[in-house]
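Me: I am new to this structure and would like to be taken through it with care. Could you show it to me first, and then take my questions in turn?

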Amino acid sequence: MWGRFPQKAFSDRSGQRTMSSTTPNTIPTGSVTYYNRVLIRHLANHVGQVVELYGWLYNRRSSGKIHFLEIRDGSGLVQGVMGRNDVDEATFALADHTPQESAVKVSGTVSQHPKTGAVELHINGFEVLSQAGEYPISHKEHGVGFLMDNRHLWLRSSRQHAALTIRSELCLAIHQYFHQHGFVQVDAPIFTPNACEGTTNLFETAYFDDKAYLTQSGQLYMEAAAAAFGRVYCFGPTFRAEKSKTRRHLTEFWMVEPEMAYATLDDVMDVAEDFMVYLIGHVLTHCRPELATLERDVAKLEAIVKPFPRISYDEALELLKQHGSEEQQVPWGEDFGGDEETVISNQFDRPVFIHRYPTQCKAFYMKEDPTDPKKSLSVDMIGPEGYGELIGGGQREDDLAVLEQKIAAHGLPKEDFEWFLDVRRYGTFSHGGFGLGVERTVAWLCGLHHVRETIPFPRLLDRLKP
RNA sequence: UCCCCAGUAGCUCAAUGGUGGAGCAAUCGGCUGUUAACCGAUCGGUUGUAAGUUCGAAUCUUACCUGGGGAGCCA
């Protein structure tokens with residue numbers, strides 16, 4: 001069903017016409033005159049008034065004696081109407097020949113469509129500030145490769161604008177949630193001296209006369225920070241040099257990673273659940289027009305309420321036995337693949353926690369289950385509709401001796417982890433946390449097929465430009 | 001790293017081994033309420049690269065390059 005998708009860059013035209021109305025009328029007006037300019041997304045509050053807009057010509061239609069000029073300004077999209085008698089002859093002819101995406105200044109009276117009632121602008125002033133060259137992205141369908149080559153221009157089209165607006169709102173909600181709950185933002189470094197988890201492939205870079213690696217997680221640093229601040233989180237880009245070639249993978253992606261002092265596995269699940277419900281609520285409250293543009297079935301998001309089901313890894317294996325195919329049977333001790341996760345998540349109408357994975361398939365810093373050392377106090381949150389792992393986390397190993405032994409068992413250089421072991425030497429404490437992948441979450445909330453559309457400039461295997 | 005598919009006009013796609021076309025874009029013209037507007041005309045090509053088979057290759061073969069889909073790995 002996913003197949004190749006010739007993308008209609010402008011395929012949202014049947015939906016809401018506004019590109020965004022995220023925070024109506026919250027832009028401050030004051031002494032900075034720039035802020036006094038009227039934005040398209042606020043035009044509904046100016047019906048009957050004469051306004052001046054600065055933007056770009058998004059599309060143009062004409063019936064000979066009347067032009068329909070669609071103007072966008074980054075905040076929204078409005079149809080301008082220019083009748084033969086509204087402007088002088090030269091301006092009328094100019095408007096008919098202005099190329100798509102030219103920078104324009106227009107003025108006129110805000111009005112409403114005689115039939116649909118949609119807000120529009122009756123133009124009596126039209127000035128081309130900069131005529132655009134032939135714009136590569138047309139109003140017809142395009143292939144993904146072409147659109148990605150023109151990602152810097154593709155951002156201007158409505159679907160991309162909507163998805164990235166939702167991303168921005170999601171990031172805002174993430175910060176709001178943690179600050180409302182007493183977390184301190186502690187940023188982790190991007191250059192790191194060693195592999196955080198020692199397993200996956202890292203990007204290596206020159207660091208003067210030494211080598212450095214791009215971080216794959218701020219996790220270990222957050223553990224140290226939790227001892228300083230109690231509740232902490234980091235939010236930033238992370239890097240994986242995996243040669244993954246799927247719709248769920250980027251080589252550069254954003255993660256938010258909270259870490260909580262004196263938290264147990266159950267605490268981690270409670271917080272992750274509360275956090276996710278908050279994020280969905282925020283997007284549902286603030287991004288209705290964008291969700292409509294993306295034609296997202298919001299009923300599926302509105303159905304996400306507490307509590308989320310919590311099943312153990314062992315119970316997940318049972319579910320696979322009941323509902324999975326022959327090939328989807330996983331022997332105990334192995335992690336699930338994407339297909340297995342989808343089978344499990346399809347049994348529920350909301351995200352599902354899978355906890356207590358086998359110790360062998362989780363990172364060395366996961367605490368062993370005191371009742372069974374073969375299991376770890378780890379947890380993943382699997383999103384519905386096949387979006388896979390949205391959150392991974394758990395309770396951390398807080399015993400110095402156990403951790404030293406695990407670092408040795410994983411073949412990691414102990415000297416690189418001395419600072420990390422210090423967290424256990426000086427007042428060790430139970431703690432836990434999780435990481436949430438921003439792009440996968442945005443893809444799920446937007447109902448997008450591929451995470452590459454959820455980040456402004458995606459970095460993929462074989463794609464480093466633009 | 002492995003498997004599959006595709007590279008033809010700026011874009012999206014056609015074309016039994018036998019004269020490479022259409023829609024959109026662009027350019028020109030027509031139309032007073034259009035919604036990816038519509039109608040007419042014009043413009044547009046070293047068929048990804050290299051070699052091979054053949055009287056003849058966009059079409060068949062091989063290699064390479066690029067892109068897409070999937071797997072593994074992972075978030």
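What follows is a set of questions and answers about this predicted model.

Me: Into which domains is chain A divided, and what distance separates their centres?

Reply: Chain A of the predicted model is divided into domain 1, covering 7–141, and domain 2, covering 157–454. When the centres of domain 1 and domain 2 are taken over C-alpha atoms, the separation between them is 42 Å.

Me: In what order do the five strands close into a barrel?

Reply: Strand β2 (residues 50–62) pairs with strand β5 (residues 103–112) in the antiparallel sense over seven bridges, and within that pairing V106 of β5 is the bridge partner of L53. The pairing in the barrel as a whole is mixed, and the twist from one strand to the next averages 55°. The five strands close in the order β2-β3-β4-β6-β5.

Me: Which helix lies across β2, β3, β4 and β6?

Reply: The strands in question include β3 (66–72), β4 (77–83) and β6 (119–130). The helix runs at about 60° to β3 and is made of residues 89–96, and its name is α1.

Me: Which helix gives the most to the largest nonpolar core?

Reply: The largest nonpolar core has 55 residues, of which I174, F275, M276, L436 and W444 touch the most other members. The helix that gives the most to this core does so with 11 residues and spans residues 265–286, and it is α6.

Me: With which residues is L436 in contact, leaving aside its neighbours within four places in sequence?

Reply: L436 is one of the residues that touch the most other members of the largest nonpolar core, and I174, F275 and M276 belong to that group too. With the neighbours within four places in sequence left aside, the contacts of L436 are I174, W254, M255, V256, F275, M276, L279, L390, I391 and T441.

Me: How many residues are in the other core, which lies apart from the largest one?

Reply: Among the members of this other core are I40, I71, A95 and I123. The core to which they belong lies apart from the largest one, and its number of residues is 19.

Me: Why are the buried residues of α9 on the same side of the helix?

Reply: In helix α9 (residues 313–323), the buried residues are Y313, A316, L317, L319 and L320. On the other side of α9, K321 and Q322 are exposed. The buried residues are on the same side because the arc they cover around the axis is only 155°.

Me: Against which elements do the buried residues of α9 pack?

Reply: One of these elements is the helix α10, in which E340, E341, V343, I344 and S345 are buried, and the buried residues of α10 in turn pack against α9, along with β14, β15, β18 and β19 (388–395). For the buried residues of α9, the packing partners are β14 (310–312), α10 (338–345) and β15 (352–355).

Me: Which residue of β18 stands opposite F353?

Reply: Both faces of β15 are covered, since V352 and I354 on one side and F353 and H355 on the other are all buried. Three bridges join β15 to β14, with the two strands running parallel, and I354 is there the bridge partner of I311. Four bridges join β15 to strand β18 (residues 378–383), with these two running antiparallel. The residue of β18 that stands opposite F353 is M381.

Me: Is P307 buried or exposed?

Reply: P307 is found in the loop between α8 (298–302) and β14, and the peptide bond that leads to it from K306 is cis, with omega near -5°. Not counting residues up to four places away in sequence, P307 touches E273 and R350. Its relative accessibility is 55%, and exposed means over 50%, so P307 counts as exposed.

Me: What is the phi of E295?

Reply: E295 has its place in the loop between α7 (288–293) and α8, and at 55% relative accessibility E295 counts as exposed. The residue is other than glycine, yet its phi is positive, with a value near 55°.

Methods: Residues are numbered from 1 along each chain as its sequence is written. Chains are lettered from A and ligands numbered from 1 in the order in which they are written. This is a predicted model: local features need pLDDT of at least 70, side-chain atom pairs count only at pLDDT 80 or more; totals for chains, interfaces and linings use all residues. Side-chain values use heavy atoms; hydrogens and water are left out. Buried means under 20% relative accessible area, exposed over 50%, partly exposed in between (1.4 Å probe, protein chains only). The arc is that of the directions from the helix axis to the C-beta atoms. Contact means heavy atoms within 4.5 Å. A nonpolar core is a set of buried Ala, Val, Leu, Ile, Met, Phe, Trp, Tyr and Cys residues joined through side-chain atoms within 4.5 Å. Two strands pair if DSSP finds at least two bridges between them. Axes are lines fitted to C-alpha atoms, for helices over the stretch in contact, and angles run from 0 to 180 degrees between N-to-C directions. Domain bounds come from an automatic or database domain assignment.
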